[in-house]
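Hi,

Here's the structure I said I'd pass along. Have a look at it first, and my notes on what turned up are underneath.

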Amino acid sequence: QHGVSDRDTSVRRFLHREADQYHMDAEVVVTFSDFEKMEQVCSVLLEKLDKSVSVGTPQFYHSAECLSQMRY
């Protein structure tokens with residue numbers, strides 16, 4: 001969805017019991033190669049899910065291929 005492939009995402013679900021209620025939390029990790037696409041997806045999540053979602057700080061890194069190309 002929104003141009004993000006399944007191979008670039010991972011989802012972990014956590015089920016918690018509090019008194020007589022159950023709560024499910026989900027952690028979604030997505031790898032982006034396009035900064036603007038990441039901003040668009042974050043905006044959609046925040047808009048659609050409002051206060052029920054928190055978006056973490058992005059972690060930036062260069063792939064081994066990219067680093068290898070930069071050395072030449």
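**Pocket and salt bridge**

Sorted by class, the residues lining the largest pocket are 20 nonpolar, 11 polar and six charged. Before you go further, keep in mind that this is a predicted model.

Sticking with that pocket: its volume comes out at about 1600 Å³. The lining is made up of 37 residues, and those nearest the centre are V28, V29, V30, T31 and F32. Which elements feed into the lining? At least two residues each come from β1, β2 and α1, the last of these being residues 35–49. The largest share belongs to α1, which puts in eight residues.

Now for the charged contacts. How many salt bridges are there? The count comes to one. The partners are E27 and R12, with their closest N and O atoms 3.2 Å apart. E27 sits in strand β2 (residues 21–30) and R12 in strand β1 (residues 9–18), so this pair ties together parts of the chain that are 15 residues apart in sequence.

I also checked how open the two partners are. Are they buried or exposed? E27 has a relative accessibility of 34%, which makes it partly exposed. R12 comes out at 46% relative accessible area and is partly exposed too. For both, the reasoning is that partly exposed covers the range between the buried cut-off, under 20%, and the exposed one, over 50%.

That's what I have for now. Shout if anything is unclear.

Cheers

Terms used:
Residues are numbered from 1 along each chain as its sequence is written. This is a predicted model: local features need pLDDT of at least 70, side-chain atom pairs count only at pLDDT 80 or more; totals for chains, interfaces and linings use all residues. Side-chain values use heavy atoms; hydrogens and water are left out. A salt bridge is a side-chain nitrogen of Lys or Arg within 4 Å of a carboxyl oxygen of Asp or Glu. Helices (H or I, at least four residues) and strands (E, at least two) are DSSP runs, numbered from the N terminus. Buried means under 20% relative accessible area, exposed over 50%, partly exposed in between (1.4 Å probe, protein chains only). On a 1 Å grid over the protein atoms alone, a cavity is a set of points where a 1.4 Å probe fits but cannot get out, and a pocket is an open set with protein on both sides within 12 Å along at least five of seven lines; lining residues have an atom within 4 Å of a point. Grid points are joined across faces, edges and corners, and a volume is the space filled by probe spheres set on the points. Ala, Val, Leu, Ile, Met, Phe, Trp, Tyr, Cys and Pro count as nonpolar, Asp, Glu, Lys and Arg as charged, and the others, Gly among them, as polar.
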